[in-house]
Amino acid sequence: MDEARARGAELVGCEPGEIIFTGSATEANHLAMLSAAGSPHGRRRVIISAIEHPSVLAASERLSALGFEVDKAPVTSDGAVDLDAFERLLGSDVALVSIMAAHNETGVVQPVGEIGRMCRKHGALFHTDAVQAMGKLPSCWSFARPDYLAMAAHKFYGPKGIAACVVRPGAPLIPQLTGGGQEGGRRSSTEAVPLVAGFGVACRLAKENLAQFSGLAKLRDDFESGVLLPLGAQIFGAAAERLPNTSFFALPGISGGTLADKLDKHGIAVGTGSACHEGGQALPRVLEWMRATLPEGSSPVRVSLGRQTSAEQVEALARAVWLVHKLIS
Ligand code: PLP
């Protein structure tokens with residue numbers, strides 16, 4: 001447990017004692033956000049971005065049920081939080097701001113450095129869901145200085161079922177699970193030691209391989225400029241800073257489901273989001289907020305490269321996408 005906590009602290013850039021192990025990032029987001037209910041000075045407003053993960057939305061609804069007013073900060077057409085609109089929402093009545101470090105579909109990196117500065121200026125607590133960014137980008141713990149940060153091992157090759165809520169000293173903390181007093185009384189329940197050990201190894205490897213991960217941006221950019229753009233694809237968030245491994249796009253005349261099925265036959269797995277986004281019937285929430293329009297007959301697809309994805313594999317993907325496009329159009 002101590003070893004894993006130390007490796008986690010090295011990846012995050014925090015003190016080992018600031019890490020609270022949880023069973024999931026959903027739990028970590030809830031622990032952080034519901035703790036803001038203990039915010040002093042009677043602040044009763046919460047700001048989240050409009051594109052947060054459903055677990056953050058759900059925690060904000062819990063705060064709303066406790067009497068907090070919840071405002072949603074919009075994003076620009078690039079998919080990043082609109083900082084001017086965000087600043088207009090801030091005020092001395094804001095208890096908590098929750099803005100993710102990077103989006104789970106577009107991969108757009110959010111301006112958490114500026115957001116952290118604005119939160120401190122207005123005395124608001126700041127939580128960031130860093131689930132997608134951790135292990136893919138340098139940690140924002142020291143430059144954005146959030147009061148709370150959520151991360152999950154399974155997003156950087158660790159086991160499922162182990163995550164962490166990182167809490168800065170002095171930030172309010174209201175334990176959600178009470179009983180045996182584990183994790184210093186901050187999260188009771190018998191420690192999942194094998195999972196915690198896996199978390200520690202994943203953190204060590206993520207830190208060691210951060211540079212390798214950033215190299216994926218070149219492969220992703222080559223795929224986009226060599227294949228997607230010539231085929232007339234719309235690439236969402238392409239003008240913003242994105243996670244190095246993510247490409248979220250829609251190809252004219254091809255639904256995401258069809259493309260995913262065809263690529264599967266080539267041994268390539270891509271993501272299409274939930275079924276209700278199939279066939280261009282409805283836009284994912286993030287694309288609605290970006291005011292994106294889909295090319296005729298398309299729906300979005302997400303390609304995620306992995307730490308060990310090679311140039312040859314991306315070339316095979318490119319060939320397969322060309323082939324599918326030729327067959328369908
Ligand atoms: N936050 C983000 C940005 C995510 O992508 C996810 C999972 O995909 C979660 C939170 C929830 O993580 P978990 O499934 O570990 O609860």
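In which handed crossing does H8 pass H11? To answer this, the reader should first know that the structure shown is a predicted model. In that model, H8 passes H11 in a right-handed crossing. The paragraphs below begin with the sheet of seven strands and return to this pair of helices afterwards.

The seven strands of the first sheet follow the order S1-S7-S6-S5-S4-S2-S3, and this open sheet has mixed pairing. In general, the strands of a sheet pair through backbone hydrogen bonds, and the pairing may be parallel or antiparallel. The edges of the seven-stranded sheet are formed by strand S1 (19-22) and strand S3 (69-73); each has a single partner strand, so one side of each is left without a neighbour in the sheet. When direction is ignored, neighbouring strands of this sheet are turned against each other by 20 degrees on average. Within the sheet, strand S2 (residues 45-49) and strand S4 (residues 94-98) run parallel and are joined by four bridges. One position to locate here is Ile47, which stands opposite Val97 in S4.

A helix can be placed against this sheet. H2 lies across S1, S2 and S4, and also across strand S5 (125-129), strand S6 (148-152) and strand S7 (163-167). Relative to S6, the helix H2 runs at about 170 degrees.

Helix H2 (residues 25-35) also packs with helix H3 (residues 54-65), at an angle of about 35 degrees and with the axes 9 Å apart. The crossing in which H2 passes H3 is right-handed. On the H2 side, the contact involves Thr26, Asn29, His30, Met33 and Leu34. These residues meet Ser55, Val56, Ala58, Ala59, Ser60, Arg62 and Leu63 in H3. Sorted by class, the residues of the contact between H2 and H3 are six nonpolar, five polar and one charged.

The second sheet is open and has three strands, in the order S8-S9-S10, with antiparallel pairing. At its edges stand strand S8 (234-235) and strand S10 (301-304), each with a single partner strand, so one side of each is left without a neighbour in the sheet. S8 and strand S9 (residues 246-250) run antiparallel and are joined by two bridges. In S9, Phe249 is the bridge partner of Ile235. Across S8, S9 and S10 lies helix H8 (residues 216-228), which runs at about 20 degrees to S9.

The discussion now returns to the opening pair. H8 and H11 pack with their axes 10 Å apart, at an angle of about 25 degrees. Since angles under 35 degrees count as roughly parallel, H8 is therefore roughly parallel to H11. Leu219, Phe223, Gly226 and Val227 in H8 meet a set of H11 residues consisting of Ala311, Val314, Leu317, Ala318, Val321 and Trp322. By class, this contact of H8 with H11 has nine nonpolar residues, one polar residue and no charged residues.

Another helix also packs with H11. Helix H9 (residues 256-265) and helix H11 (residues 311-328) form an angle of about 120 degrees, and their axes are 10 Å apart. H9 and H11 are therefore oblique to each other. H9, too, passes H11 in a right-handed crossing. From H9, the residues Thr258, Leu259, Lys262 and Leu263 meet Leu317, Ala320, Val321, Val324 and Ile328 in H11. The residues of this contact of H9 with H11 comprise seven nonpolar, one polar and one charged. Leu317 and Val321 of H11 thus appear in the contact with H8 and in the contact with H9.

The final topic is charge pairing. In general, side chains of opposite charge can pair when their charged atoms come close. Over the whole structure, a search finds 11 salt bridges. One of the salt bridges joins the side chains of Glu10 and Arg7, at 2.9 Å from N to O. Glu10 and Arg7 are three residues apart in helix H1 (residues 2-12), and so they are separated by about one helical turn.

Notes: Residues are numbered from 1 along each chain as its sequence is written. This is a predicted model: local features need pLDDT of at least 70, side-chain atom pairs count only at pLDDT 80 or more; totals for chains, interfaces and linings use all residues. Side-chain values use heavy atoms; hydrogens and water are left out. Axes are lines fitted to C-alpha atoms, for helices over the stretch in contact, and angles run from 0 to 180 degrees between N-to-C directions. Angles under 35 degrees count as roughly parallel, over 145 as roughly antiparallel, 65 to 115 as roughly perpendicular and the rest as oblique. A crossing is left-handed if the near helix is turned anticlockwise from the far one by less than a right angle, and right-handed if clockwise. Contact means heavy atoms within 4.5 Å. Ala, Val, Leu, Ile, Met, Phe, Trp, Tyr, Cys and Pro count as nonpolar, Asp, Glu, Lys and Arg as charged, and the others, Gly among them, as polar. Two strands pair if DSSP finds at least two bridges between them. A salt bridge is a side-chain nitrogen of Lys or Arg within 4 Å of a carboxyl oxygen of Asp or Glu.
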